[in-house]
Amino acid sequence: MGEYEWPAGPDVPAAETVRRCWAATVAALPVGAWITGEVVGRQRFGVFIRIHGVPDAVGLAEVGGMPHDMELPAMGAEVTGKVVWHADHNCQVKIKLDEWDRSG
């Protein structure tokens with residue numbers, strides 16, 4: 001996966017599916033909602049999250065929204081966080097991470 005590519009894999013919805021379902025995703029995950037999910041992609045700038053209960057959504061937790069001493073969670077880690085913004089231009093649910101299972 002390149003620096004800004006969409007994460008890929010059998011459990012990650014395709015970018016077109018995410019775009020097609022964007023209105024339903026925004027309705028299901030309003031700003032302030034708490035989410036749980038699994039890290040499905042890692043980049044310098046943050047992690048992509050498959051959000052549990054909303055199969056056609058992909059979240060992004062950016063490094064800038066994490067405490068300075070926090071390391072990026074590993075691939076497959078279970079995370080929790082809060083929805084802080086909807087990025088309409090690329091159909092991403094922006095997440096501020098709360099915690100994750102560091103054994104993942």
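**Exercise 1. Locate Cys91 and describe its backbone and burial.**

Step 1. Cys91 sits in the loop between β4 (78-87) and β5 (92-100). Strands are DSSP runs of E with at least two residues, and helices are runs of H or I with at least four, numbered from the N terminus.
Step 2. Its phi is positive, about 55°, although Cys91 is not a glycine.
Step 3. Cys91 is buried, with a relative accessible area of 7%. Buried means under 20% relative accessible area (1.4 Å probe, protein chains only).

This is a predicted model: local features need pLDDT of at least 70, side-chain atom pairs count only at pLDDT 80 or more, and totals for chains, interfaces and linings use all residues. Residues are numbered from 1 along each chain as its sequence is written, and side-chain values use heavy atoms, with hydrogens and water left out.

**Exercise 2. Work out how β2 and β3 are arranged.**

Step 1. Strand β2 (residues 46-51) runs antiparallel to β3, joined by 5 bridges. Pairing requires at least two DSSP bridges between two strands.
Step 2. Take one bridge: Ile49 has Gly59 as its partner in β3.
Step 3. The two strands form a hairpin with 6 residues between them. In the turn, Gly53 has a positive phi of about 85°.
Step 4. Why is β3 (residues 58-62) largely enclosed by the rest of the structure? Because 4 of its 5 residues are buried.

**Exercise 3. Summarise the protein chain.**

Step 1. Count the elements: 2 helices and 5 strands.
Step 2. Order them from the N terminus: α-α-β-β-β-β-β.
Step 3. Give the burial: 43% of the 104 residues count as buried.

Notes
Buried means under 20% relative accessible area, exposed over 50%, partly exposed in between (1.4 Å probe, protein chains only).
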